[in-house]
Amino acid sequence: MPRTARDVVFVDGVRTPFGKAGPKGLYAETRADDLIVRVIRELRRRNPSLPADRVDEVAIAATTQIGDQGLTIGRSAAVLAGLPKSVPGYAIDRMCAGAMTAVTTVAGGIAFGAYDVAIAGGVEHMGRHPMGEGVDPNPRFLAEKLVDPSALVMGSTAENLHDRFPHITRERADAYALRSQQKVAAAYEAGKIQPDLVPMAIRSQEKGYGLATADEPPRPGTTLEGLAGLKTPFRPHGHVTAGNAAGLNDGATGCIVAAEDVAAELGLPVRMRLVDYAFAGVEPEVMGVGPVPAAEKLLARNAITMDDIGLIEINEAFAVQVIAFLDHFKIADDDPRVNPWGGAIALGHPLASSGVRLMMQLARQFAERPDVRFGLTTMCVGMGMGGTVLWENPNFEGGK
């Protein structure tokens with residue numbers, strides 16, 4: 001039976017405030033599955049015209065699928081969130097690009113006609129489940145020299161990037177990191193980030209119950225002098241510090257993805273139209289360059305160039321990784337198209353959840369920029385990968 005591909009749209013996205021991982025963080029005594037359940041419930045509350053039984057799939061990513069973010073987290077979260085038992089769900093792992101992959105995977109199903117509407121997102125509680133918990137890497141990786149030992153330590157891969165691109169100095173990385181902090185502070189002041197944050201109940205055995213309403217990681221008082229004085233934990237006299245890299249964080253994100261005709265039928269908003277996506281592999285020991293071939297593949301397939309891209313949301317795992325991407329495409333470090341409201345260096349990077357945060361911010365920016373037609377969400381991925389998604393602005397009114 002012949003099938004016709006359908007247009008896929010991003011309807012809405014929300015996230016919990018991001019917390020710092022660890023015993024003093026916002027979510028130290030909060031379960032990971034409760035974070036993603038809160039997100040799913042908020043998506044339903046914000047979109048009352050979507051009947052619960054019209055959700056065809058729930059795809060939720062987690063990098064460390066163990067404990068309270070295991071048990072096929074997509075299905076268990078769907079049940080806990082009160083969706084009908086008829087709604088299936090599953091878990092995804094592509095490390096940092098987990099939520100991005102959740103979106104692209106269900107989008108492929110929607111385009112094919114297998115689904116009409118899906119919920120996709122990610123959760124990571126790095127305080128409860130540090131990256132690599134319970135992992136047993138095959139000894140062949142090192143014994144057969146398939147990868148360099150540094151490939152298994154993300155901070156070391158960033159130091160390797162500084163080696164490969166010596167013109168990306170620590171000073172340049174620190175300057176980029178400072179701008180990220182400043183842009184996040186300005187975005188908070190202007191009320192840009194808050195509309196898509198869902199307040200999250202938290203508890204502390206010592207302090208009782210509370211409410212998380214804002215991201216915990218941003219450091220608005222950051223200075224270049226302060227950044228210059230930070231230690232380099234991955235290498236003596238290195239370049240990567242806690243100030244020019246994303247921290248260890250807890251949080252969850254989610255979004256509704258639908259066929260465009262079904263969104264119209266149900267009266268759901270269309271915030272972005274998915275044009276195409278691409279993933280690519282690179283040497284694991286320099287995983288930070290992953291967004292470059294992923295973006296190149298995507299641009300070539302769609303016969304456009306980076307000059308056609310009006311907004312770029314790139315995950316800031318490390319400043320050096322972002323700058324390597326910008327240098328490759330001859331984009332200035334302070335180009336206004338790039339992360340206008342700041343990024344993960346300030347906001348945090350709860351691994352598998354971050355891909356949808358990029359999409360949420362791009363969707364908000366599209367609404368403010370009818371002069372922009374295309375935008376990218378892109379990120380590097382552990383074990384040597386990159387992912388890039390091309391989006392079209394439904395508010396585009398013409399222009400450059």
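**Salt bridges, internal space and a surface patch**

Arg54 has a relative accessible area of 22% and is therefore partly exposed. The model is a predicted one, and in it Arg54 pairs with Glu265 in a salt bridge whose closest N and O atoms are 3.2 Å apart. Arg54 belongs to the loop between α1 and β3 (57-61), whereas Glu265 is part of helix α8 (residues 260-266), so the contact ties together parts that are 211 residues apart in sequence. Glu265 itself, at 52% relative accessibility, counts as exposed.

A salt bridge is also formed by the side chains of Arg172 and Asp333, with an N to O distance of 2.7 Å. Here helix α6 (residues 170-189), which holds Arg172, is tied to the loop between α10 (319-328) and α11 (344-347), which holds Asp333; the two parts are 161 residues apart in sequence. Arg172 is partly exposed, with a relative accessible area of 21%, while Asp333 is buried at 16%.

Asp12, Arg46, Asp196, Arg271 and Arg364 are joined into one network by salt bridges that share partners. Within this group, the side chains of Asp12 and Arg46 meet at 2.7 Å, N to O. Asp12 lies in strand β1 (residues 8-15) and Arg46 in helix α1 (residues 32-46), so this pair links parts that are 34 residues apart in sequence. Asp12 is buried, with 2% relative accessibility; Arg46 is partly exposed at 22%. Over the whole structure, the search finds 26 salt bridges.

Asp196 and Arg364 also appear in the lining of the largest cavity, together with Arg15, Lys192, Ile193, Leu197, Trp341, Met360 and Gln361. This cavity holds about 60 Å³ of space, and the count of cavities of 30 Å³ or more is one. Helix α12 (residues 354-368) supplies the largest share of the lining, three residues. By class, the lining of the cavity divides into four nonpolar residues, one polar and four charged.

The largest pocket has a volume of about 1,000 Å³. Its lining comprises 41 residues, and those nearest the pocket centre are Met126, Met131, Met154, Leu248 and Leu351. Of the residues lining this pocket, 27 are nonpolar, ten polar and four charged.

On the surface, a nonpolar patch is formed by Leu152, Val153, Phe234 and Met383, which together have about 300 Å² of accessible area. Met383 is placed in the loop between β11 (374-381) and β12 (385-392), and its relative accessibility of 30% makes Met383 partly exposed.

Terms used. Residues are numbered from 1 along each chain as its sequence is written. This is a predicted model: local features need pLDDT of at least 70, side-chain atom pairs count only at pLDDT 80 or more; totals for chains, interfaces and linings use all residues. Side-chain values use heavy atoms; hydrogens and water are left out. Patches are made of residues with over 30% relative accessible area and no salt bridge: like charges are joined within 9 Å, nonpolar side chains (Val, Leu, Ile, Met, Phe, Trp, Tyr) within 5 Å. Accessible areas come from the Shrake-Rupley method with a 1.4 Å probe; for residues, only the protein chains shown count as cover. A salt bridge is a side-chain nitrogen of Lys or Arg within 4 Å of a carboxyl oxygen of Asp or Glu. Helices (H or I, at least four residues) and strands (E, at least two) are DSSP runs, numbered from the N terminus. Buried means under 20% relative accessible area, exposed over 50%, partly exposed in between (1.4 Å probe, protein chains only). On a 1 Å grid over the protein atoms alone, a cavity is a set of points where a 1.4 Å probe fits but cannot get out, and a pocket is an open set with protein on both sides within 12 Å along at least five of seven lines; lining residues have an atom within 4 Å of a point. Grid points are joined across faces, edges and corners, and a volume is the space filled by probe spheres set on the points. Ala, Val, Leu, Ile, Met, Phe, Trp, Tyr, Cys and Pro count as nonpolar, Asp, Glu, Lys and Arg as charged, and the others, Gly among them, as polar.
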